[in-house]
Amino acid sequence: MAYRYAVAGLGLALMGLGGALLVQQPSPWRIALWLAGAVVVHDGLVAPLVIAVAALTGAFGLRLRGVPRAALIVAGSLTAIALPPLLRPGGTANPTVVPLDYLRNWLLTMAAVALAAGLYAGTRAALRGARRRT
Amino acid sequence: MRFPLRLPADPPVTFKARLHDARTATAVGRWLGLAFAVCFATGVLSHFFQHPPDWLADRLPSRPYWGYRFTQGLHVISGIAAIPLLLAKLWAVYPRLFAWPPLRSVRHALERASVAVLVAAGVFELFTGLLNTFQWYPWPFSFVPVHFALSWLLIGALMVHLAVKWPEIRSHWTRRSPGTLALPASDGPDRRALLAGVAAAVGAVTLTTAGQSVTALGRLDLFAPRDPAVGPQGLPVNRTAKAAGVTATAVRDWRLSVAGPRPYTLTLDELRALPQYEVTLPIACVEGWSKNARWTGVRVRDLLERAGGGPGTGARVESLEPAGAYRVMEMGREYAQDPLTLLALRLNGEELSPDHGHPARIIAPNRPGVLQTKWVARLEVA
């Protein structure tokens, strides 16, 4: 119990330090607005989107489980980190900044994820079938 | 486990999806906590290497030479790995957002407030950090101090969260912990499949970005903001000569002036005539990318010594560039006296290209790239 209070106390002190550093910034309210925006975008947009995808597939009688769900998690995560270079407006400081063909790479990884998931599920089904026959 | 959650409006909203439970939150949360801890520690370290306070400047170690490359690479790797983990963690606890009544007591209100700070700071830090690596700044504040301030808020809120949730974490720590056993046993395989998917996602985002700093993964670099192979003389560039306002005319009559008790100036040919050393040192950017290169030039400590700087002196370095936050760079004693620290004239066997700092640049071990001053015009015993 004492440990918990000590950790919580230290945590509060560090939060205080962070808050103190924050209010020294030129426009702390703008930063607070962006912080609130981060929560609103996640809780109001990203999370409902994920749940909507699950609900939609559920409506078609598909329960998102196992390999298809894992494939969607991987594909979604790769898409999340590919979005900044794909959406970034304007030019770059020089040709060595953001130099890759990110759209091609994104399409490649999406295909790779689908292929890997298909192969994995297929192999597993085949193995299970073979086991059942013997 | 089902969450029959009453929202203010009837009918009640039910989260039919399973696995929104404390075992999932614990299993994902401990990896997320580890990622945040690594990211925080490496970030604070980087902050002190990039902006050392006076009391620290002369104590910062110049070894291991790969130290900053390692810690800053890890900073960005752990931050990117935290993205799928944070999303999975927030998914697991999402129904709690709609807890009813929203505030049961003062304690509950405080707990929810700390979670709100934790979520806000977590999402904000990963978002701003990722965009910063792509040099994309859509926000109306300056990145470094705000990212730094919020890291303290985040790690503090994380500690409060851990302290508050400790009994729940402990009772769901393993598959056989009492809390886990109280959950429907049929969820076990489903949860393991979910966790395997999250682990695969962490692996995928890591493998496709870490190549910007981990040489062995270079060929898998698909989404990182840099390709270590792309750049003049085989090395990426952050600030070009043109962007820095360093023109061919400014370089033509270039002299290095060395200030100290016995000041002197040198032409490029005179510098080339001094004893040359070759070192292999990385450029390690605060944005996470890094690459080793072969540098040839004159030892900074030899130049300082000739100007009358004793064995314990640091240096103040000025660039030709007319403006810029890092035009003047202070170099602590450990760096200035390290035999690996050069005023480099050549890179990978060729004269420095303009974008890499022609006619002369600093290269020092265990230092962020912004402090590897290019187009050096003046060196001062400090």
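Which helix is included in what covers the buried residues of H4(A)? This question, and others about the predicted model, are taken up in the legends below.

**Figure 1. Helix H4 of chain A and its buried residues.** The buried residues of H4(A) are A:Tyr102, A:Trp106, A:Val113 and A:Ala117. What covers them includes H3 of chain A. Helix H4 of chain A runs over residues 102-133 and has 32 residues. At 1.5 Å a residue these should span 46 Å, and the end C-alpha atoms are indeed 46 Å apart. In the domain assignment, chain A is given domain 1 (23-63) and domain 2 (65-134). The centres of these two domains of chain A, taken over C-alpha atoms, are separated by 22 Å.

**Figure 2. Overview of chain B in the predicted model.** Chain B has 12 helices and 12 strands. Its C-alpha atoms fill a box of roughly 85 × 45 × 35 Å along the principal axes. Of the 382 residues of chain B, 47% count as buried. Among contacts in chain B with a separation of 6 or more, 71% are accounted for by residues 24 or more positions apart. The pLDDT of chain B averages 94, and 96% of the residues score at least 70. Over residues 1-14 of chain B, however, the pLDDT is below 50, although this stretch has 25 contacts in the model beyond near neighbours in sequence. Where pLDDT is low, the predicted coordinates should not be read in detail. The model scores ipTM 0.96 and pTM 0.95.

**Figure 3. Helix H7 of chain B, with its buried and exposed residues.** Helix H7 of chain B comprises residues 187-207, 21 residues in number. From its first C-alpha to its last it reaches 30 Å, close to the 30 Å expected at 1.5 Å a residue. The buried residues of H7(B) are B:Arg191, B:Leu194, B:Gly197, B:Val198, B:Ala201, B:Val202, B:Ala204 and B:Val205. Because these residues cover an arc of only 165° around the axis, they are on the same side of H7(B). An α-helix has 3.6 residues a turn, so residues three or four places apart point the same way. The exposed residues B:Pro189 and B:Arg192 are carried on the face of H7(B) turned away from its buried side. What covers the buried residues of H7(B) includes elements of both chains: helix H3 (66-87) of chain A, together with helix H1 (22-50) and helix H3 (67-93) of chain B.

**Figure 4. The contact between chain A and chain B.** This contact takes 63 residues from chain B and 52 residues from chain A. On the side of chain B that touches chain A, the elements that give two or more residues are H3, helix H4 (106-133), helix H5 (143-171) and H7 of chain B. Of these, H5(B) gives the most, with 16 residues. By class, the residues of this side of chain B divide into 53 nonpolar, seven polar and three charged.

**Figure 5. Close-up of B:Leu153 in helix H5 of chain B.** Is B:Leu153 buried or exposed? B:Leu153 counts as buried because 26 C-beta neighbours lie inside 10 Å. Leaving aside neighbours within four places in sequence, B:Leu153 is in contact with A:Met15, A:Gly18, A:Gly19 and A:Leu22 of chain A, and with B:Val117 and B:Ala121 of chain B. B:Leu153 and B:Thr128 are 25 residues apart in sequence, and their C-alpha atoms are 15 Å apart in space.

**Figure 6. The contact between the two assigned domains of chain B.** The domain assignment gives chain B domain 1 (3-220) and domain 2 (232-381). Their C-alpha centres lie 39 Å apart. The contact takes 24 residues from domain 1 of chain B and 23 residues from domain 2 of chain B. On the domain 1 side, H1, H3 and H4 of chain B each supply at least two residues. H3(B) gives the most to that side, with seven residues. The domain 1 side has 10 nonpolar, 11 polar and three charged residues.

**Figure 7. Close-up of B:His75 in helix H3 of chain B.** B:His75 is buried, with 24 other C-beta atoms within 10 Å. Not counting residues up to four places away in sequence, B:His75 touches B:Cys39, B:Thr42, B:Gly43, B:Ser46 and B:Gly288. B:His75 and B:Phe36 are 39 residues apart in sequence, yet 9.4 Å apart in space, C-alpha to C-alpha.

Methods:
Residues numbered from 1 in each chain as written. Chains lettered and ligands numbered in written order. Predicted model: local features only at pLDDT ≥ 70, side-chain atom pairs only at ≥ 80, totals over all residues. Helix = DSSP H or I, 4+ residues; strand = E, 2+ residues; numbered from the N terminus. Expected span 1.5 Å × (residues − 1). Buried ≥ 20, exposed ≤ 12 C-beta atoms within 10 Å, placed from the backbone. Arc of directions from axis to C-beta. Contact = placed C-beta atoms within 7 Å. pLDDT = per-residue confidence, 0-100. Domains from an automatic or database assignment. Nonpolar A, V, L, I, M, F, W, Y, C, P; charged D, E, K, R; others polar.
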